[in-house]
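This report reads a single structure by way of one of its helices, its nonpolar core and a small group of polar contacts. The sequence and the model are shown first.

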Amino acid sequence: MPIKKTREKVNINKRRIINGEDADVIQLYPMKHTFAWDAYNAGNANHWLPTEISMQKDVEQWNSKNVLSDDERHAFNTVLGFFTTADSIAANNIVLATYRHITSPECRMYLLRQAYEEAIHTHAYQYIVESLGLDEGEIFNMYREVDAIYNKASFILSFNEGIFNPEFKTGTLESDQKFLENMVIFSVIMEGIFFYSAFAVMFGFQRLGKMSGSAEQIQYIMRDESQHLNFGIELINTIKAEQPEVWTPEFQQRAIDLVREGVDLEIKFATTVFPKGIFGLNAEGFQDYIQHIADRRLQRIGLPVQYGSTNPFPWMSEAVDLNKEKNFFETRVIEYQTGGTLEW
Ligand code: FE
């Protein structure tokens with residue numbers, strides 16, 4: 001599109017998350033959606049890289065015959081099998097679908113940061129697989145082989161049909177709702193629910209003093225993911241405020257139904273992957289935990305709770321759900337926060 005040559009300044013009151021009228025997606029300032037800039041700065045302050053974390057102890061424990069049981073090895077591999085492809089799916093959705101339709105430059109700015117973080121997460125899983133000498137072909141292919149992972153990935157990817165189509169455009173009630181549905185699927189369900197039983201397993205290892213390097217990688221990932229979730233929820237709520245007509249009772253019911261479907265898939269994942277439970281976390285505990293977090297996600301987009309389950313893993317909420325993530329790993333991130341000391 002040619003640039004319109006004009007002295008007229010951008011009117012940010014016209015700026016919208018989607019469907020910005022005459023949207024200038026190049027001028028970052030002045031900003032309207034300041035939550036996106038805050039998220040971008042939080043992401044930078046929390047910057048980390050997988051290779052900073054020592055995997056030495058994990059390698060020793062993994063190679064030792066008497067640290068991990070067969071069940072624990074199975075759980076560790078399967079959780080990695082889910083993780084290795086999940087962040088690639090999330091990254092593709094940002095770059096190939098979400099970004100294109102967002103007409104707020106400050107939101108695009110955060111999406112660029114988020115896309116990079118998804119790459120860092122995929123790098124972290126690759127680094128764990130490589131450090132431990134696991135079978136890459138087995139782990140990375142699990143999303144096509146293991147039913148519980150395949151079902152979650154297929155559910156998510158089925159919603160890319162339509163929105164990945166180059167012809168797809170927002171601007172009608174139907175297409176705006178299709179876009180919002182994609183946000184519910186990726187932010188609320190993928191980033192807000194589908195990662196969490198796998199996170200719980202990794203923290204189960206950590207609580208026993210096992211695989212602590214891998215668990216530390218996952219802690220950084222979880223901190224990033226909770227920021228991704230917060231941003232996604234802000235996007236959804238801002239679209240609701242800017243275009244209240246999209247938030248019909250039918251759409252709300254559809255969002256609830258999708259979340260319920262996601263919860264069922266996640267419970268199935270947890271119970272088929274860890275049939276005997278793990279680290280004292282039994283199937284019932286996973287079910288309550290997944291329902292509990294789903295209720296919280298629904299509340300945050302203004303929908304009614306569905307389950308009323310209490311949180312059986314309170315130690316998870318200490319690590320995940322609080323909004324104090326920014327200070328959570330102060331010791332390491334400080335180097336980034338004080339600005340790079342480049343040596344020339
Ligand atoms: Fe993410």
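Why do the end C-alpha atoms of helix 1 (residues 34-45) lie as far apart as they do? The model is a predicted one, and in it helix 1 has twelve residues, which at 1.5 Å a residue should span 16 Å; the end C-alpha atoms are 17 Å apart, in agreement with that expectation. Within helix 1, the buried residues are Phe35, Ala36, Ala39, Tyr40, Ala42 and Gly43. Seen down the axis of helix 1, these buried residues fall within an arc of 165°, so they line one face of the helix. The partners against which the buried residues of helix 1 pack are helix 4 (105-132) and helix 10 (212-242).

Helix 10 also contains Glu242, whose side chain makes the two approaches tabulated here.

| Group reached by the Glu242 side chain | Distance |
|---|---|
| Backbone nitrogen of Ile17 | 2.8 Å |
| Side chain of His33 (polar contact) | 2.8 Å |

When neighbours within four places in sequence are left aside, the residues in contact with Glu242 are Arg15, Arg16, Ile17, Lys32 and His33.

Turning to the nonpolar interior, the largest nonpolar core comprises 102 residues, and those with the most contacts inside it are Phe76, Phe83, Phe199 and Phe286. For Phe199, again leaving aside neighbours within four places in sequence, the contacts are with Phe83, Ile218, Ile221, Met222, Glu225 and Met316.

Technical notes: Residues numbered from 1 in each chain as written. Predicted model: local features only at pLDDT ≥ 70, side-chain atom pairs only at ≥ 80, totals over all residues. Heavy atoms only, no water. Core = buried A, V, L, I, M, F, W, Y, C linked by side-chain atoms within 4.5 Å. Buried < 20%, exposed > 50% of the residue type's maximum accessible area, 1.4 Å probe, protein only. Contact = heavy atoms within 4.5 Å. Helix = DSSP H or I, 4+ residues; strand = E, 2+ residues; numbered from the N terminus. Expected span 1.5 Å × (residues − 1). Arc of directions from axis to C-beta. Polar contact = N/O pair within 3.5 Å; in protein donor to acceptor, adjacent residues only side chain to side chain.
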